[in-house]
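Me: Please take a close look at the ligand site of this predicted model and at the helix beside it, and end with a strand for comparison of burial. I would like each term explained where it comes up.

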Amino acid sequence: MKYEKSASLLERAKESLAGGVSSEFRKNSYPHALFYSSASGSHITDVDGNEYLDFTLSQGPLILGHSHPHVLKRVGDYSKSGQLFAGQHMLEIELAEKLKQLIPSAELVRFCLDGSEAVQTALRVARAKTGKQKFLRFEGHYHGWLDNVAWGISAPSVADLGSRDHPDVFAWGQGLAETTKAESFILPWNDLELAKRLLQNSHQEIAAIITEPIMCNNGCIQPQPGFLKGLRELCDQYGITLIFDEVITGFRTGLGGAQKLFGVTPDLSIFAKALASGYPISAIVGKKDWMDMLADGRVIQAGTMNSSNPTIAAALATIEVLERENPYSRMYELGLKLMGGIRALALKHDINLCVQGLGPMLHTGFTDLEEIKDYRDTLLFDKTKLGKFIAALHNKGIRVIGRGLWYISASHTQKDIDETLAVVDQVLAELTEKAKKTITI
Ligand SMILES: Cc1ncc(COP(=O)(O)O)c(C=O)c1O
């Protein structure tokens, strides 16, 4: 692979775009932020003409793969009637009705632009509903980039995190308002006893518990049996709002989100990424008692760009295809095959590669642990080895998210998985060979 054109465009971009990018995460690409020229199905091509089998799917949204013809057509057709009315339109109701039909907790819906602001809306509603101010969140869970959720998602090491019941939290970068640190309590995830103990003492202060139902932003970790149900019971017991952040799991784990998969119904939840195949829309959905706070204007949520024609059409088109083709069982099957294949190759090459996930999303990390149960475990990953693995895959045309997360789309095929496993085989052989040479020297 050669990256000359991208490298030179990046230098040019840096003169006018801060850091050459429009989102911090895009810097973390191999060998640097790249420029792409086209994408279709499971493949994407960069400006140097390198083609990749894409498992990043633009950080998750592209559940149908790139440039799905039905989505593009629906967006194009509907945009011809206008792009943004700053008023209501027919498809907006249709989309809200569809979400009500599919998502267990959705009795009312409000649309906004992205996951970050929908999370803030949910927290605002929870505060108004309960009359309390703080919220409980979990180490390593990502709920967007805004100040009050940008604590506790990055730590130098496990030792720096301190005790499990009173973790030390770190700011994610500079410039956060110090006051926002005190808005939340933070605990390790998947430990119901810790949550119980905290709530016994502090429930009078806590308006909401917010959680990713599957922790996808650090590893790909499923909830321990009974954990989500336990949170639900605690919320009921103490008058606390349960918020599921389904920005990743929504429309990825199935049409009803992780709440349907696990049979636990939150009071409010956030859907974004896979909802609309990459168009900027998110939805806050929830039970009527909560959403009525928005309905009657006691809680304010607004946005000039909300529910524009292209975004609503994209969401409806995406759901239409998902309902018509029901690709989920195939996506799970392909993902599980990929996971099983990588595990078998790790054994073959005697390398400590831990593979975890559900199928539609999975994670690869180098560690001696057999299972990753929470954020603290993910801090033990060998990041240098992962970097080499991801870089080597990339150089052979397999594009994976830098932190080791892989997404499968409805457009991935068995052939894609076979090709990928053949490349993983080569890459692991090279990595272990290099390691042996280093030891011999
Ligand atoms: C679970 C979760 N919540 C919230 C967000 C923020 O969403 P957005 O990037 O659309 O603001 C993300 C983004 O990756 C996410 O993964």
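Reply: A polar backbone atom of G115 lies 2.9 Å from an oxygen atom of the ligand, a polar contact in the sense of N or O atoms within 3.5 Å (within protein, one able to donate a hydrogen and the other to accept it, with sequence neighbours counted only between side-chain atoms). S116 also approaches a ligand oxygen, with a polar side-chain atom at 2.6 Å, while an N or O atom in the side chain of D245 is 2.6 Å from a nitrogen atom of the ligand. Of the 390 Å² that the ligand exposes when taken alone, the protein buries 85% (Shrake-Rupley areas, 1.4 Å probe). The model is predicted, with local features needing pLDDT of at least 70 and side-chain atom pairs pLDDT 80 or more, whereas totals for chains, interfaces and linings use all residues. Residues are numbered from 1 along each chain as its sequence is written, and side-chain values use heavy atoms, without hydrogens or water.

The residues around the ligand (a heavy atom within 4 Å) include D114, G115 and S116, together with Y142, H143, G144, E212 and N217; D245, V247, I248 and K273 also belong to this set.

G115 and S116 are part of helix 4, which covers residues 115–130 (a DSSP run of H or I with at least four residues; strands are runs of E with at least two). At the start of helix 4, a side-chain oxygen of D114 comes within 3.2 Å of the backbone nitrogen of S116, so D114, which is among the residues around the ligand, is also in contact with the helix. The 16 residues of helix 4 should span 22 Å at 1.5 Å a residue, and the 23 Å between its end C-alpha atoms agrees with this, the expected span being 1.5 Å times one less than the number of residues. Among the buried residues of helix 4 are G115 and S116, and further along A118, V119, T121, A122 and L123, where buried means under 20% relative accessible area, exposed over 50%, and partly exposed in between. V125, A126 and R127 of helix 4 are buried as well. Just after the helix, G131 takes a positive phi of about 70°.

Turning to the strand, strand 11 (residues 353–357) has five of its five residues buried, so it is largely enclosed by the rest of the structure. Cover is found on both faces, with L353, V355 and G357 buried on one side and C354 and Q356 on the other.

Terms used. Buried < 20%, exposed > 50% of the residue type's maximum accessible area, 1.4 Å probe, protein only.
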